[in-house]
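Dear colleague,

Please find below the structure I am handing over to you, followed by an account of its aromatic contacts.

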Amino acid sequence: MRPALVDGARAWSAAELAAATEAAAGWLRAQGTQVLATLLDNGAAFAVFDDAARAAGVVHVPLPLFFDATMLGHVLASAGVDTLVAAAPLAARWPGLHWQPLASEAGDLAAARLPALRPTLPAGTAKITYTSGSTGTPKGVCLTAAAMDAVADGLVQALAPLAIERHLAALPYAVLLENVAGLMAPRRQGSTVICPPLAEVGLAGSSSFDPARLHAAVERHEAQSLILLPQMLRAWCGWLAATGRRAPASLRFVAVGGAAVGAPVLHAARALGLPAYEGYGLSEGASVQTLNLPGADNAGSAGRPLPHARVRVAADGELEVGGPLFAGYVGDAAARHGDWWPTGDLGRIDDAGFVHVVGRKKNLLITGYGRNVSPEWPETALRCQPAVAQAVVLGDGQPALSAVLWPSSPAVGDHQLDAAVAAANATLPDYARVARWTRAADAFDAASGLATANGRPRRDAILARHADALGLGAASAISSC
């Protein structure tokens with residue numbers, strides 16, 4: 001019988017996981033836990049406490065390892081976390097807490113009790129997933145067990161013809177996409193879930209990735225499926241092409257989501273042996289809504305709706321989703337109204353039923369690593385620097401953000417602008433930092449065509465004018481493949 005889960009230390013049978021889960025659920029009940037937060041790398045411990053929270057009727061709040069201290073503190077306070085479980089080395093992030101070793105077969109863990117009161121949450125909340133926060137403050141999306149189950153079941157039904165037996169987790173379990181599509185769904189299918197520490201698959205922080213390590217992990221574990229972010233796919237394609245290699249023969253399906261991918265990248269990946277298929281989803285829909293599949297594929301689209309999902313286009317072109325939806329937000333239980341949810345994305349549905357996402361309704365940027373960033377956030381940090389008068393941040397679908405800067409004085413040199421970018425970056429988490437910048441060709445005003453009459457920057461015009469200087473030309477988007 002194949003193992004249910006393989007982590008960095010051992011292989012687990014279904015019975016062994018169930019026993020560890022029962023013990024963890026009993027501990028949660030004994031603690032009187034109502035809201036559990038976990039700060040855990042990928043591995044058996046996450047699977048055990050995710051299951052244990054559900055078994056004990058406890059709300060689970062997975063904490064992304066890439067959140068900074070301010071974000072983590074906001075999550076703990078806003079969700080009303082009363083129990084925190086962390087990998088022992090990560091407990092050092094809160095030296096002021098009274099940590100106790102937590103006996104568990106799933107790893108070296110520590111636990112702390114917090115003097116928190118449970119907030120008013122939507123009825124049935126089982127998990128709170130926090131987005132990275134478009135303005136720096138993560139937003140808590142409350143999900144019911146039924147909604148997550150429906151998505152997992154829909155994925156099992158859609159992927160059944162592929163008969164996948166070994167799924168490798170390449171994204172953090174604290175991110176909803178891998179949690180639902182890469183842990184819940186494969187286990188329901190009866191597949192072996194392979195979940196080594198993230199460093200083993202080449203992922204560090206929110207936007208550092210080593211494709212050579214992922215390639216080695218796929219080969220070592222003979223993985224048949226995995227989920228990637230677009231920039232990870234691009235980097236892997238580039239590495240394969242540069243080294244003259246092809247994708248491991250074991251792979252049957254590589255789902256790509258979190259941001260737009262693009263048909264050229266998908267075609268390049270497939271030419272290298274990577275069976276890459278784009279999907280689309282959102283936290284408010286409990287993760288994946290649409291997915292391209294072998295035999296039902298339109299590269300460049302987001303795929304057709306999965307069995308659990310419904311998608312329509314509103315009169316203004318905004319995509320709306322129905323089916324299993326979130327229950328509300330932390331602090332705003334009444335946020336959801338009706339059976340449909342506006343996604344904030346503009347799109348269309350073609351005659352064959354494939355969903356095409358054409359852009360954000362607002363200015364929100366989604367980096368190639370799937371992090372949401374409102375450009376006004378780093379722009380404000382840049383404009384706080386004396387050397388910078390105007391700033392526009394770009395980078396939708398790119399591995400890192402770029403900026404176009406207009407100095408506060410003609411006397412300001414490039415070295416001063418570079419220092420200003422560094423100073424602004426020091427105030428931002430890694431995924432909201434500016435990696436590349438260029439000096440603006442003109443001031444952002446109506447005369448130059450780079451701003452409207454009332455002074456709002458014309459982002460498309462600014463991008464078009466400075467794309468080559470920033471390396472954001474059409475060819476650069478796929479050059480790594």
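Phenylalanine 253 and tyrosine 277 are both buried in this predicted model. Phenylalanine 66 is likewise buried, as is tyrosine 431. Each of these residues belongs to an aromatic pair, as set out below.

In total, the structure holds nine aromatic pairs. In one of them, phenylalanine 66 meets tyrosine 431 edge-to-face, with 6.5 Å from centre to centre and an angle of 85° between the planes. Phenylalanine 66 is located in the loop between strand 4 (59-62) and helix 3 (69-79), and tyrosine 431 in the loop between helix 10 (414-425) and strand 28 (434-439); the pair therefore ties together parts that are 365 residues apart in sequence. Phe66 and Tyr431 are also members of a cluster, linked by ring pairs, that includes Phe67 and Trp377.

The pair formed by phenylalanine 253 and tyrosine 277 is stacked: the centres are 5.3 Å apart, and the planes differ by 15°. Because phenylalanine 253 lies in strand 15 (residues 253-256) and tyrosine 277 in strand 16 (residues 276-282), this pair ties together parts that are 24 residues apart in sequence.

Tyrosine 277 has a further contact, with a charged residue: arginine 270 lies over the face of its ring, at 4.5 Å from the ring centre. Elsewhere, the ring of tyrosine 329 has the charged end of lysine 139 sitting over it, 4.1 Å from the ring centre.

With kind regards

Note on methods:
Residues are numbered from 1 along each chain as its sequence is written. This is a predicted model: local features need pLDDT of at least 70, side-chain atom pairs count only at pLDDT 80 or more; totals for chains, interfaces and linings use all residues. Side-chain values use heavy atoms; hydrogens and water are left out. Rings of Phe, Tyr and Trp (its six-membered ring) pair if their centres lie within 6.5 Å; planes under 30 degrees apart count as stacked, over 60 as edge-to-face and the rest as tilted. Helices (H or I, at least four residues) and strands (E, at least two) are DSSP runs, numbered from the N terminus. Buried means under 20% relative accessible area, exposed over 50%, partly exposed in between (1.4 Å probe, protein chains only). A charge sits over a ring if NZ of Lys or CZ of Arg is within 6 Å of the ring centre and within 35 degrees of the ring normal.
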